[in-house]
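This report describes selected features of a predicted model. The sequence and the structure are shown below.

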Amino acid sequence: VQLQASGGGLVQAGGSLRLSCTASGSFFGINSMGWYRQGIGNKRELVATRTSGGTTNYLESVKGRFTISRDLARNTVELQMNSLKPEDTAIYYCNLAVPRSDVPGVLDYWGQGTQVTVSS
């Protein structure tokens with residue numbers, strides 16, 4: 001399984017960026033796709049996820065500014081980030097959660113990470 005992410009970059013505060021991630025390879029079913037981030041000195045945190053059933057979950061600090069969307073047919077997840085703030089600066093990781101075939105639970109796959117830098 002591979003996750004190919006794109007769309008990071010440098011933007012001024014108040015600007016926008018759009019991240020995209022496409023999953024490829026062999027897997028059966030998707031529980032969710034989403035984005036996590038890790039800033040310098042911080043733990044990796046959930047930014048936004050969307051289940052195959054359409055349920056979304058957002059980090060409180062990005063609600064109203066970020067929107068996650070998925071294209072089920074293309075196994076793609078996108079994150080539209082508006083009104084960016086310097087504290088959004090981090091490496092953003094695409095996540096794919098699929099059901100395990102051996103035991104109950106999910107298996108997580110991660111993309112390579114894409115840098116988002118917001119200047120003040």
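## The disulfide

Cys21 and Cys94 are joined by a disulfide, with an S to S distance of 2.0 Å. A search of the whole structure finds one such link. The link of Cys21 and Cys94 is left-handed, with -85 degrees about the S-S bond. Cys21 belongs to strand β3 (residues 17-24) and Cys94 to strand β9 (residues 90-99), so the disulfide ties together parts that are 73 residues apart in sequence.

Are the two cysteines buried or exposed? Residues under 20% relative accessible area are classed as buried. Cys21 has a relative accessibility of 0% and therefore counts as buried. Cys94, with a relative accessible area of 0%, is buried as well.

## The four-stranded sheet

Strand β3, which holds Cys21, also takes part in an open sheet of four strands. The order in this sheet is β1-β3-β8-β7, and the pairing is antiparallel. Strands β1 (2-6) and β7 (66-71) form the edges, each pairing on one side only. From one strand to the next, the twist averages 15 degrees.

In general, the strands of a sheet pair through backbone hydrogen bonds, in either a parallel or an antiparallel manner.

## The pairing of β7 and β8

How many bridges join β7 to β8? Six bridges connect edge strand β7 to strand β8 (residues 76-81), and the two strands run antiparallel. Within this part of the sheet, Ile68 has Leu79 in β8 as its bridge partner.

Definitions and conventions: Residues numbered from 1 in each chain as written. Predicted model: local features only at pLDDT ≥ 70, side-chain atom pairs only at ≥ 80, totals over all residues. Heavy atoms only, no water. Disulfide = S-S within 2.5 Å. Buried < 20%, exposed > 50% of the residue type's maximum accessible area, 1.4 Å probe, protein only. Pairing = 2+ DSSP bridges. Axes fitted to C-alpha atoms, helices over the stretch in contact; angles between N-to-C directions.
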